Number of protein chains: 2
Amino acid sequence: MIGNKEDARPLMTATRQFPWDHPRFKSWIAVGRACQVMNQVLAREIATLDIKPPHLDILVNLYRFEGLTQQDLARKLLVGRSNMSMLLPQMEKRGLITRRGDDNDRRVLRLYLTEDGRALAEKAMEIQTKVIDRMMETSTLEECMSVANVMERLTAALLLRDGR
Amino acid sequence: MIGNKEDARPLMTATRQFPWDHPRFKSWIAVGRACQVMNQVLAREIATLDIKPPHLDILVNLYRFEGLTQQDLARKLLVGRSNMSMLLPQMEKRGLITRRGDDNDRRVLRLYLTEDGRALAEKAMEIQTKVIDRMMETSTLEECMSVANVMERLTAALLLRDGR
DNA sequence: TCAATAATGTACAAGGTTGAACAAATTGAC
DNA sequence: GTCAATTTGTTCAACCTTGTACATTATTGA
């Protein structure tokens, strides 16, 4: 025989293992892409309200948790304090939120939605819900819950391991 | 009877349905958070190579698909052309890539990794793979593949529906 | 009580991302 | 062949995000 099995095998198994061939790698890349597309679509949709994703996140969180401090909010959104210091004054000037000092701790500013802010938040959440529904309707509820499960485990693991 | 069944029911069903109570909404929020944490951890890890996530994406894609044009690359990464026009000259100055004009179409610039770029890409991909593995090891391979499946369907649906 | 330490919010510089306007090159229709 | 429409890459201004340094206020411990 000119080419026996021992000759051929190494050529196959020696082929470099590229990251993009790993199932976990591929899986995560898909997640990243989905997120990116999602954010772009969401950004386009809420542009009709003249806000962007970061403002949406702020509105939703203040709608849900009134009286948060800037630090609390930054932690919830996983961004830096300085980020809040840039965005919140804008939104205050625009009449969407108010910042009131706390009497017990004069370092902190507590955040509240104004009437306009609350109304805008509701409109924005309606849009957001519609986009998410449109997106996730390609999956069963069972799949959605499985995805949520995986993501929560994974986030917890990473946060525990690598601090914030 | 003072309170019959018809009285009680409305009080239950009339409670406002908040977006964050919808399984699909919650699921998606979990995905977004996971992505955010992941990118932050990845950014910290590859900072040792003095690059940031966007540079990593570029390196990996050029490693895999040599001779892409700037437009091709931008489309793959789902970013604007102008973004590439800002980042690529930096990377060229740094000696990681070369940009050569195409003789058949003198508008386009084709992109190639240099030796340094290729070496850096390999180091970066190693780090990226390690981070992803660490993150996804909280899930079974089966779950990973299910997640990938959901994400791909969802991305396709959104891209088809809302253009790029 | 008083000093060291920590927490909160701000200011600023640096850098990534975008969209619009632009020049150069290609394509297609007539 | 010629002119309009399209494609590619660049420039620019605007905005978001980050990290660092800073001032102010709380908390802790001698």
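The following dialogue explains how to read a predicted model of two protein chains and two DNA strands.

Q: Which conventions apply to the numbering and to this predicted model?

A: Residues are numbered from 1 along each chain as its sequence is written, and chains are lettered from A, and ligands numbered from 1, in the order in which they are written. The model is predicted, so to speak of local features requires pLDDT of at least 70 and side-chain atom pairs count only at pLDDT 80 or more, while totals for chains, interfaces and linings use all residues; side-chain values use heavy atoms, with hydrogens and water left out.

Q: Which residues are closest to DNA strand C, and how many surround it?

A: A residue is near a strand if one of its heavy atoms lies within 4 Å of it. By that rule, 24 residues surround DNA strand C, and the closest are A:Gln70, A:Gln71, A:Arg81, A:Ser85 and B:Arg106. Of the strand C atoms within 4 Å of the protein, 65% belong to sugar or phosphate and the rest to bases.

Q: Which polar side-chain atoms lie beside DNA strand C?

A: A polar contact is a pair of N or O atoms within 3.5 Å; within protein, one must be able to donate a hydrogen and the other to accept it, and residues adjacent in sequence count only if both atoms are side-chain atoms. Here a polar side-chain atom of A:Ser85 lies 2.7 Å from a phosphate oxygen of DNA strand C. For B:Ser82, the partner is a base oxygen of that strand, at 3.2 Å. The side chain of B:Gln90 has an N or O atom 3.4 Å from a phosphate oxygen of strand C. The elements giving two or more residues to this surface are α4 (70-77) and α5 (81-93) of chain A, with α3 (53-64) and α5 (81-93) of chain B. Helices (H or I, at least four residues) and strands (E, at least two) are DSSP runs, numbered from the N terminus.

Q: Which element gives the most to the surface near DNA strand C, and what classes of residue are found there?

A: The helix α5(B) gives the most, with five residues. For classes, Ala, Val, Leu, Ile, Met, Phe, Trp, Tyr, Cys and Pro count as nonpolar, Asp, Glu, Lys and Arg as charged, and the others, Gly among them, as polar. The surface near strand C has six nonpolar, 11 polar and seven charged residues.

Q: What surrounds DNA strand D?

A: There are 23 residues around DNA strand D, the closest being A:Arg106, B:Gln71, B:Arg81, B:Ser85 and B:Arg107. Sugar and phosphate make up 65% of the strand D atoms that come within 4 Å of the protein. A phosphate oxygen of strand D is 3.4 Å from a side-chain N or O atom of A:His55, and a backbone N or O atom of A:Gly80 also lies 3.4 Å from a phosphate oxygen of strand D. The most residues on this surface, five, come from α5(A).

Q: How is the span of a helix read, and which residues of α5(A) are buried?

A: The expected span is 1.5 Å times one less than the number of residues. With 13 residues, α5(A) reaches 19 Å from its first C-alpha to its last, close to the 18 Å expected. Buried means under 20% relative accessible area, exposed over 50%, and partly exposed in between (1.4 Å probe, protein chains only). The buried residues of α5(A) are A:Met84, A:Leu87, A:Leu88, A:Pro89 and A:Met91. An α-helix has 3.6 residues a turn, so residues three or four places apart point the same way. The buried residues of α5(A) pack against α3 (53-64), α4, β1 (97-101) and β2 (109-113) of chain A. Just after this helix, A:Gly95 takes a positive phi of about 80 degrees.

Q: How many residues of chain B are in contact with chain A, and how much area is buried between them?

A: Contact means heavy atoms within 4.5 Å. In this model, 59 residues of chain B are in contact with 59 residues of chain A. Buried area is the accessible area (1.4 Å probe) that two parts lose on being put together, summed over both. The two chains bury about 6100 Å² between them, 66% of it on carbon and sulfur atoms. B:Trp20, B:Arg24 and B:Trp28 supply 12% of the area that chain B buries against chain A, more than any other three residues.

Q: Why does B:Leu120 count as buried, and which residues does it touch?

A: B:Leu120, in helix α6 of chain B, counts as buried because its relative accessibility is 11%. Leaving out residues up to four places away in sequence, B:Leu120 touches B:Leu49, B:Ile51, B:Leu59, B:Arg94 and B:Leu96. B:Leu120 and B:Leu59 are 61 residues apart in sequence and 8.0 Å apart in space, C-alpha to C-alpha.
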